[in-house]
Amino acid sequence: MSTQWKKFLCRACGLIYDEERGDPDSGIEPGTRFEDIPADWVCPLCGVVKADFEPYEGSFLPSGVWAAGRVSHKAGVVIVGAGNAGWAAAEALRALDTDLPITMISACAGDRYHKPELSIALSRRAEPDKLVREKAADAARRLGIQLLVDTIVVGLSPALHQLRTTRGSFRYTALVLAQGARPALPAALPAELCWRINDLAGWSGLRQRLGTRAKQVAIVGAGMVGCELAEDFARAGHQITLLDIQTAPLAGLLPPPAAQRLQQSLETLGVRFLGAVQVASVMRADDGRKRIVTTCGQCIEVDEVVAATGLVTDPRIARIAGLAFERGIVVDPRTLCASAPDIYALGDCISLDGAPCRFIEPIARQAGVIARGILGLFVEGYCHRPPVIRLKTRALPIVINGASVPGGEWHVVDENADFLAMEQWQAGVLQARLDVGTPHRQLAA
Amino acid sequence: MNPADLTTPIFDPSWSDSLVMERVTGIADGALADAAYRIDHEGLYPLEVMSSLGESGAFAAHLDAYGARYGLALEAMRAISRRCGATGFLAWCHDVCGLYMEQSGNPALMGTVLEDHALGRSFGGTALSNPMKAMAGIEKMLLRATKVSGGYRVSGALPWVSHIGRGQYCGAIAGVLKDDGSRSHEIMFLLRFSDDVVLRPCPAFSGMEGTSTWGVRLDDYFVGEDTLIADPAQPFVARIRAAFVLLQAGMAVGVAQGCIDSMHDVEPVLGHVNQFLHDRPDELQAEYDELGARVSRLALTPYDGSDDYLLEVLDVRTQGAEFALRASQSALLHQGARGYLMNSAPQRRIREAHFIAIVTPAIKHLRWEMARLSKEAVPA
């Protein structure tokens with residue numbers, strides 16, 4: 001005979017009825033099965049009825065909440081964000097001071113990966129775990145920092161040096177905001193229907209959905225990321241439709257001759273480019289596919305929709321804390337200090353002279369300047385220079401050096417079937433140089 | 001003539017904020033402060049004080065009919081909680097019950113019924129702890145309703161509901177069951193404690209004993225049109241949720257302020273040793289000021305339906321609870337043995353602060369909800 005006693009949990013107050021022990025105070029003998037208890041019995045603690053009990057099989061705890069050790073709320077330097085910028089700040093601080101307490105707060109899992117690789121990972125058949133260069137817990141241990149993952153910042157009071165999160169409040173000595181930027185999703189692109197490839201989790205979700213069969217995918221937005229993804233997905237065997245408001249891909253950055261070459265290159269790979277269209281709505285069709293309707297009345301049905309419509313910095317933390325914000329957290333261009341004492345910011349979330357700069361290259365230098373500033377060391381000062389822009393379109397590599405002026409005039413300096421070089425001059429000064437494709441002599445070498 | 005003249009002792013909408021606060025503070029610092037010990041230790045349910053607080057406008061200020069002055073309602077609750085956290089909680093219960101009645105738009109719950117409530121002539125609280133958690137996915141709905149001719153029949157039990165008693169009432173929510181037993185939606189109604197509702201004494205709590213808290217058992221209780229607050233309840237709850245939570249901040253700042261008072265009380269005699277403590281009164285005062293300023297700003301737009309606003313409200317409510325805990329701990333340390341006496345305010349406030357930290361939404365629920373609200377939608 002089975003004598004395995006069961007337990008039942010009061011949903012109202014958490015009292016546990018244990019069949020083995022019964023409830024002698026209420027006249028229920030030890031060893032009374034729950035189903036044998038009279039219907040008018042009530043919870044001895046709170047008085048709710050028998051029907052409000054449910055079987056109880058032991059507690060459950062979510063795993064992996066803390067990536068490293070126990071939590072101290074005397075946090076030292078606090079870094080918000082565990083992307084490239086957050087980790088760069090942690091590395092820079094630790095390199096200069098081996099004992100400084102550092103706490104990192106991440107809304108995601110915090111694993112280290114190289115974000116630009118997401119644009120070329122599908123055609124390389126990369127698996128999500130292969131893209132991770134270092135697990136968050138390992139990096140935290142190596143750097144000797146306290147890491148909280150899946151933790152959201154909900155409040156910041158600069159006057160109190162207090163940062164509030166979904167896992168408690170932290171008193172910081174200095175705060176480094178490396179929150180990144182999030183996809184700017186136009187109202188016509190509902191978040192529950194459109195993938196965004198701005199982090200490993202987003203990429204992994206889409207990767208899993210696409211599976212191994214060829215799918216039809218619409219990519220909305222033919223900026224840098226949209227063009228890179230279009231080529232990558234097409235190489236991976238998917239049928240790609242690339243949509244943009246402009247008449248040519250990457251038209252905001254490239255002069256028409258270069259944009260035309262890019263379009264041709266993409267079309268050679270099988271990408272269908274649909275220019276001069278605006279998405280009016282995305283809906284789920286009856287068969288689970290997505291239906292895109294444009295403002296000019298075109299209707300496109302695809303398996304998946306990817307929004308590559310640019311990035312914005314979430315203004316919430318800055319607004320709550322009263323930090324100056326202008327398309328990003330406003331920082332002093334030399335010290336990278338935000339507008340409140342002991343708060344710094346770097347990476348995709350900042351704006352320098354009113355403009356964000358969302359490239360990898362400046363981040364390590366920014367982190368170095370911030371680390372020296374926090375530690376009170378001599379700071380040369382950050383000097384922003386426009387990063388080299390490289391479009392990861394293997395069929396037609398595109399490189400821009402310098403700071404091109406939107407709408408400025410470009411001159412062809414070299415041109416053949418496989419290669420186009422252009423320059424932009426202003427007042428006798430070379431502003432930018434553009435290389436599209438690969439010169440023949442390099443191919444021959 | 002000065003409206004404060006004794007010939008017009010009952011609040012009306014023309015009263016200025018400062019006049020209301022003058023009256024409320026007078027009662028809080030007088031009769032309420034005198035009764036705080038008995039409320040805490042003897043379980044005295046301070047309906048007389050509540051009645052005079054009602055007459056002074058403490059429970060009407062936030063209502064549309066009286067100018068929708070949320071900042072004033074919060075100020076009143078702060079002044080009350082500064083002297084007695086249990087009565088501060090009663091004030092919150094009473095305030096949100098008035099909010100439900102007025103926002104229901106149900107004529108049977110407005111007019112003189114609402115006026116009596118707002119001015120402290122009748123009393124009622126709120127039984128939304130379980131449904132709020134149920135709607136957030138934390139636990140299951142305890143009251144179950146079935147549709148009948150002319151309304152609903154509701155059954156089930158709630159473990160502890162405060163500021164209720166015979167002849168009183170509270171806002172409640174029940175899940176409506178379909179024929180197959182699944183839940184179709186929820187209804188919200190004013191539960192009147194007539195004789196057919198079983199009130200069951202609760203076990204002794206560590207504090208807040210004067211809040212007239214009972215276990216409630218309903219057995220086919222009839223809910224008719226005249227007591228419905230919202231059907232369906234969810235859109236209604238979504239609309240009032242931020243206001244519901246924000247009003248609780250008044251309890252937190254009030255209890256914390258009482259703690260700072262206690263620290264100052266002993267500064268002349270104990271300052272020479274208290275200087276070695278952390279969380280000193282000036283530090284706490286700075287945080288109190290910062291927190292109070294944010295509460296005041298949020299009180300300007302209690303019906304802002306955005307997620308961003310709700311997140312800020314949940315944050316300020318959480319911060320208030322954490323702050324009250326720290327302040328109460330520090331107040332006891334500052335007062336030393338005198339704060340450890342059973343009749344001292346600091347040891348009472350420790351238990352009041354614990355209550356603020358665990359009453360729905362508790363700190364853990366607040367963080368759960370903030371995490372949930374912050375999640376971005378992704379294709380399923």
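# Reading the contact between chain A and chain B

Author: The side chains of A:S169 and B:E322 are joined by a polar contact of 2.6 Å. This is a predicted model, in which local features need pLDDT of at least 70, side-chain atom pairs count only at pLDDT 80 or more, and totals for chains, interfaces and linings use all residues. Side-chain values use heavy atoms, with hydrogens and water left out.

Reader: What is a polar contact, and where is A:S169 placed?

Author: A polar contact is a pair of N or O atoms within 3.5 Å; within protein, one must be able to donate a hydrogen and the other to accept it, and residues adjacent in sequence count only if both atoms are side-chain atoms. A:S169 is in strand β11 (residues 168-177) of chain A. Helices (H or I, at least four residues) and strands (E, at least two) are DSSP runs, numbered from the N terminus.

Reader: Is A:S169 buried or exposed?

Author: Buried means under 20% relative accessible area, exposed over 50%, and partly exposed in between (1.4 Å probe, protein chains only). A:S169 counts as buried because its relative accessibility is 16%.

Reader: How many residues does each chain bring to the contact?

Author: Contact means heavy atoms within 4.5 Å. Chain A brings 37 residues and chain B 32 residues. Buried area is the accessible area (1.4 Å probe) that two parts lose on being put together, summed over both. Here chain B and chain A bury about 2,900 Å², with 52% of it on carbon and sulfur atoms. B:R200, B:R367 and B:P379 supply 19% of the area that chain B buries against chain A, more than any other three residues.

Reader: How many polar contacts and salt bridges are there between chain B and chain A?

Author: There are 12 residue pairs in polar contact across the interface, both residues at pLDDT 80 or more. A salt bridge is a side-chain nitrogen of Lys or Arg within 4 Å of a carboxyl oxygen of Asp or Glu. Between chain B and chain A the count is 6 salt bridges. One salt bridge joins the side chains of B:D315 and A:R164 (2.7 Å, N to O).

Reader: Which elements of chain B supply the side that touches chain A?

Author: β3 (151-161), α9 (281-298), α10 (307-335) and α13 (363-374) of chain B each supply at least two residues. The largest share, 7 residues, comes from α10(B).

Reader: How many salt bridges are there over all chains, and which parts does the pair A:R209 and A:E304 tie together?

Author: Over all chains, the whole structure has 49 salt bridges. A:R209 and A:E304 form a salt bridge between their side chains (3.2 Å, N to O). A:R209 lies in helix α4 (residues 200-210) of chain A and A:E304 in strand β20 (residues 304-307) of chain A, so the pair ties together parts 95 residues apart in sequence. A:R209 is partly exposed at 29% relative accessible area, whereas A:E304 is buried at 5%.

Reader: What does the salt bridge of A:D303 and A:R289 tie together?

Author: The closest N and O atoms of A:D303 and A:R289 are 3.1 Å apart. A:D303 lies in the loop between β19 (299-302) and β20 of chain A, and A:R289 in the loop between β17 (279-284) and β18 (290-294) of chain A, so the pair ties together parts 14 residues apart in sequence. A:D303 is buried, with a relative accessible area of 18%, while A:R289 is partly exposed, with 21%.

Note on methods
Residues numbered from 1 in each chain as written. Chains lettered and ligands numbered in written order.
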